[in-house]
Amino acid sequence: MTPTAAKRPLQLNEQGQLCHFLTLDGLSRELLTELLDTADSFLEVGARAVKKVPLLRGKTVCNVFFENSTRTRTTFELAAQRLSADVITLNVSTSSTSKGETLFDTLRNLEAMAADMFVVRHADSGAAHFIAEHVCPNVAIINGGDGRHAHPTQGMLDMLTIRRHKGGFENLSVAIVGDILHSRVARSNMLALKTLGCPDIRVVAPKTLLPIGIEQYGVRVFTDLAEGLKDVDVVIMLRLQRERMQGGLLPSEGEFYKLFGLTEQRLQLAKPDALVMHPGPINRGVEIESAVADGPQSVILNQVTYGIAVRMAVLSMAMSGQTAQRQLNQDSEEQN
């Protein structure tokens, strides 16, 4: 596992603005900070009586989910609606692709709908990049999770959660615990934390759930939970990706919980004010004890709230970048 090549030309327009959102790899600290600042400003919208702003009025956002995900799909729908966009959601996993339609065929059909933006979730790593490379101009592509590769909006909502509760990243120790091997969330979080200046990023997992070459992300690797949790400020627990596992990577879920499950007793190894996070859905009694998931240090429900604001920020910034590029292209054509 090595960080992918920077995707700057694909994700950014000529002015360096976001026009697709595919991965956090290659994005600058300034851009990630702008995204967090924009999301912060949108949190206030959720507290209003009328939870809408007109930024995407007249635009159509199409959620194209080749993989099921209630939480991600719902928060993207809410984000687009709060920006006043028209929203279409296609659960493609139960429709055309099961009849043998290729990703390219699906893409052409989606283009015919004349949507301005597609939020794509797919089981294959690189699917969102493929669509962004082949989609017609002026359509923004947002990666809602692709295979084991990336889940950039989850990464950024986790960063917003940490920033709002800890103020910044420069002095933090963050432990990412669990199924690192199959987790696109872990990859996005490692990239975001590194870019935002976190000095101590730890990954904690059994050897069978650690990818080869993970040290290239600038993380410290632990196979003992007690050592990995010692004096950390943030604990990000990961879901066991049972649907992606092949072979005997784990002896049993009970064995995993015994060695790597986050209990109240183990949480005491972290700092007293350490945050507990989880991308959801939680497997209680497998990754985390209910008393911890529902306890005073848990910010798991806050993550969901912040997720809507982050996705609003991503949608609005990508659409703004597309609009700016279209204007540049028009100006260039007129000059020629």
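**Packing of helix α4 and backbone exceptions**

Reader: In this predicted model, which residues in α5 do Leu103, Phe104, Leu107, Arg108 and Glu111 in α4 meet?

Author: The α4 side of this contact is formed by Leu103, Phe104, Leu107, Arg108 and Glu111. The residues of the contact, taken over both helices, divide into six nonpolar, one polar and two charged. On the α5 side, the residues that are met are Ala127, Phe130, Ile131 and His134.

Reader: Are α4 and α5 parallel, perpendicular or oblique to each other?

Author: Two packed helices are described by the angle between their axes and the distance between the axes. For α4, which covers residues 103-111, and α5, which covers residues 127-134, the axes come within 11 Å and cross at roughly 50°. The crossing in which α4 passes α5 is right-handed. An angle counts as roughly parallel under 35 degrees and as roughly perpendicular from 65 to 115, and α4 and α5 are therefore oblique.

Reader: Within what arc do the buried residues of α4 fall, seen down the axis of the helix?

Author: The residues concerned are Thr106, Leu107 and Leu110, which are buried in α4. They line one face of the helix, because seen down its axis they fall within an arc of 105°.

Reader: Against which elements do the buried residues of α4 pack?

Author: Leu107 is one of the buried residues of α4, and Leu107 also takes part in the contact with α5. The elements against which the buried residues of α4 pack are β1 (60-65), β2 (86-90), β3 (117-122) and α5.

Reader: Is Ala114, in the loop between α4 and β3, buried or exposed?

Author: Ala114 has a phi near 60°, a positive value in a residue other than glycine, and most residues other than glycine have a negative phi. Its relative accessibility is 57%, and because the cut-off for this class is over 50%, Ala114 counts as exposed.

Reader: What is the relative accessible area of Asp231?

Author: Asp231 is found in the loop between α8 (225-229) and β8 (234-237), and although Asp231 is not a glycine, its phi is positive at about 60°. Asp231 is partly exposed, with a relative accessible area of 39%.

Reader: What is omega for the cis peptide bond that joins Gly280 and Pro281?

Author: Most peptide bonds are trans, whereas the bond that joins Gly280 and Pro281 is cis. Pro281 lies in the loop between β9 (275-277) and α11 (290-293). For this cis peptide bond, omega is about -10°.

Technical notes
Residues are numbered from 1 along each chain as its sequence is written. This is a predicted model: local features need pLDDT of at least 70, side-chain atom pairs count only at pLDDT 80 or more; totals for chains, interfaces and linings use all residues. Side-chain values use heavy atoms; hydrogens and water are left out. Axes are lines fitted to C-alpha atoms, for helices over the stretch in contact, and angles run from 0 to 180 degrees between N-to-C directions. Helices (H or I, at least four residues) and strands (E, at least two) are DSSP runs, numbered from the N terminus. Angles under 35 degrees count as roughly parallel, over 145 as roughly antiparallel, 65 to 115 as roughly perpendicular and the rest as oblique. A crossing is left-handed if the near helix is turned anticlockwise from the far one by less than a right angle, and right-handed if clockwise. Contact means heavy atoms within 4.5 Å. Ala, Val, Leu, Ile, Met, Phe, Trp, Tyr, Cys and Pro count as nonpolar, Asp, Glu, Lys and Arg as charged, and the others, Gly among them, as polar. Buried means under 20% relative accessible area, exposed over 50%, partly exposed in between (1.4 Å probe, protein chains only). The arc is that of the directions from the helix axis to the C-beta atoms.
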